2 protein chains.
Amino acid sequence: MLKISKKADYALMALQHIASVQFGDITPGRVVNTKEIAEEYHIPLELLAKVLQVLSKNGLIESHNGPKGGYLLARSARQITIAQILESIEGPLAITDCSHEKDGDYCMQREHCNIRTPLLKIQDSIYQLLNNMTLGDMLGGTPLITIQSPSAQGVER
Amino acid sequence: MLKISKKADYALMALQHIASVQFGDITPGRVVNTKEIAEEYHIPLELLAKVLQVLSKNGLIESHNGPKGGYLLARSARQITIAQILESIEGPLAITDCSHEKDGDYCMQREHCNIRTPLLKIQDSIYQLLNNMTLGDMLGGTPLITIQSPSAQGVER
DNA sequence: ATGATCTCCGATCAATATGGTCGTACTAAA
DNA sequence: TTTAGTACGACCATATTGATCGGAGATCAT
């Protein structure tokens, strides 16, 4: 449950790779093509291509056509949050259906719903979490997120 | 994305209802049967029944058979966390596949994977969040969760 | 200019997960 | 013993997801 899709996984891997090449020591500024990433991480080429297309359409990366072409981060790794990446691939991230709810369809339970408010709170918290962590944080070195005290008051699992 | 299933939704609603009846002012200690909940929230009866069965099998609620039967919380609402409820219905909550990974199948990307560690961190944080909030918190009144500073350093959406 | 290489884009298919249904067996109260 | 209720397992339909295929446009090297 709460699993993120493979596409999103691939997106994260690809972006991490592009970022590390682009800002790495070896060949800074080099563009990275789809094939290179697909082979490196054993991802089906066609699927990865589609994922990258979406990322590019959403302005996270820039595409350069033709031979010697490839992809480049559209902005600094510190300015790309995990939330943006995930939303770019999987649409708005909402725990509940009723959080966007266009006026045609709303859930039958709505008026008697007793869990809407708390769920929205949880959703918010998760969003904060994902939006406070950037691609830059994933490049290693720097501490990731400040996890609220792991003093699990509850039960083990 | 990150959506929780309808079953989990139903579970939360049902538990909230049971708790509020059981600890409410009107008829404290009363058992609640499936039909009552299904009608109150317009949930398909059969599906809800199955959800409640699972919850009961997992020890979150107690079932009482026969006429005048129904369900009862197995322990105090404060001792039932949201994480427990969700896991009870949807299995272990893991963002990534590679977090449990029995030794037969592990992902091809594993050894080159560059996003495993950060993803596990995120997963932990979400788990903390869900495990620090109890059914009791959903009953209203009491403040829900302490959201870590919403000082969004990043971009709006 | 021409061909090779690459991205772009849309359509499509298969597998899996999910939401929902049905029928029956079992239990306990009246 | 009848009846109202839960317990349980098999089952189907549909939606989502993962993955594939084919062609159109762009760009660089020759």
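In chain B, residues Ile82, Ala83, Leu86 and Glu87 of helix H4(B) meet B:Tyr127, B:Leu130 and B:Asn131 of helix H5(B); contact means heavy atoms within 4.5 Å. By class, this contact of H4(B) with H5(B) comprises 5 nonpolar, 1 polar and 1 charged residues. Ala, Val, Leu, Ile, Met, Phe, Trp, Tyr, Cys and Pro count as nonpolar; Asp, Glu, Lys and Arg count as charged; the others, Gly among them, count as polar.

The model is predicted: local features need pLDDT of at least 70, side-chain atom pairs count only at pLDDT 80 or more, and totals for chains, interfaces and linings use all residues. Residues are numbered from 1 along each chain as its sequence is written, chains are lettered from A and ligands numbered from 1 in the order in which they are written, and side-chain values use heavy atoms, with hydrogens and water left out.

Two packed helices are described by the angle between their axes and the distance between the axes. H4 (residues 82-90) and H5 (residues 116-131) of chain B pack at about 110°, and their axes are 6 Å apart. Axes are lines fitted to C-alpha atoms, for helices over the stretch in contact, and angles run from 0 to 180 degrees between N-to-C directions. H4(B) and H5(B) are therefore roughly perpendicular (angles of 65 to 115 degrees; under 35 is roughly parallel, over 145 roughly antiparallel, the rest oblique). Helices (H or I, at least four residues) and strands (E, at least two) are DSSP runs, numbered from the N terminus.

DNA strand D is surrounded by 21 residues, the closest being A:Lys6, A:Pro67, B:Thr34, B:Ser63 and B:Tyr71. A residue is near a strand if one of its heavy atoms lies within 4 Å of it. Sugar or phosphate supplies 65% of the strand D atoms within 4 Å of the protein, and bases supply the rest. A polar backbone atom of B:Thr34 lies 2.8 Å from a phosphate oxygen of strand D. A polar side-chain atom of A:Tyr10 is 3.1 Å from a phosphate oxygen of this strand. The side chain of A:Lys50 places an N or O atom 3.2 Å from a base oxygen of strand D. The surface near strand D has 6 nonpolar, 10 polar and 5 charged residues.

DNA strand C also has 21 surrounding residues; A:Lys50, A:Ser63, A:Asn65, A:Tyr71 and B:Lys6 are the closest. Of the strand C atoms within 4 Å of the protein, 62% belong to sugar and phosphate. A side-chain N or O atom of A:Lys50 is 2.9 Å from a base nitrogen of strand C. A backbone N or O atom of A:Thr34 lies 3.0 Å from a phosphate oxygen.

Chain A averages a pLDDT (the predictor's confidence in each residue, from 0 to 100) of 81, and 80% of its residues score at least 70.

How values were computed: A polar contact is a pair of N or O atoms within 3.5 Å; within protein, one must be able to donate a hydrogen and the other to accept it, and residues adjacent in sequence count only if both atoms are side-chain atoms.
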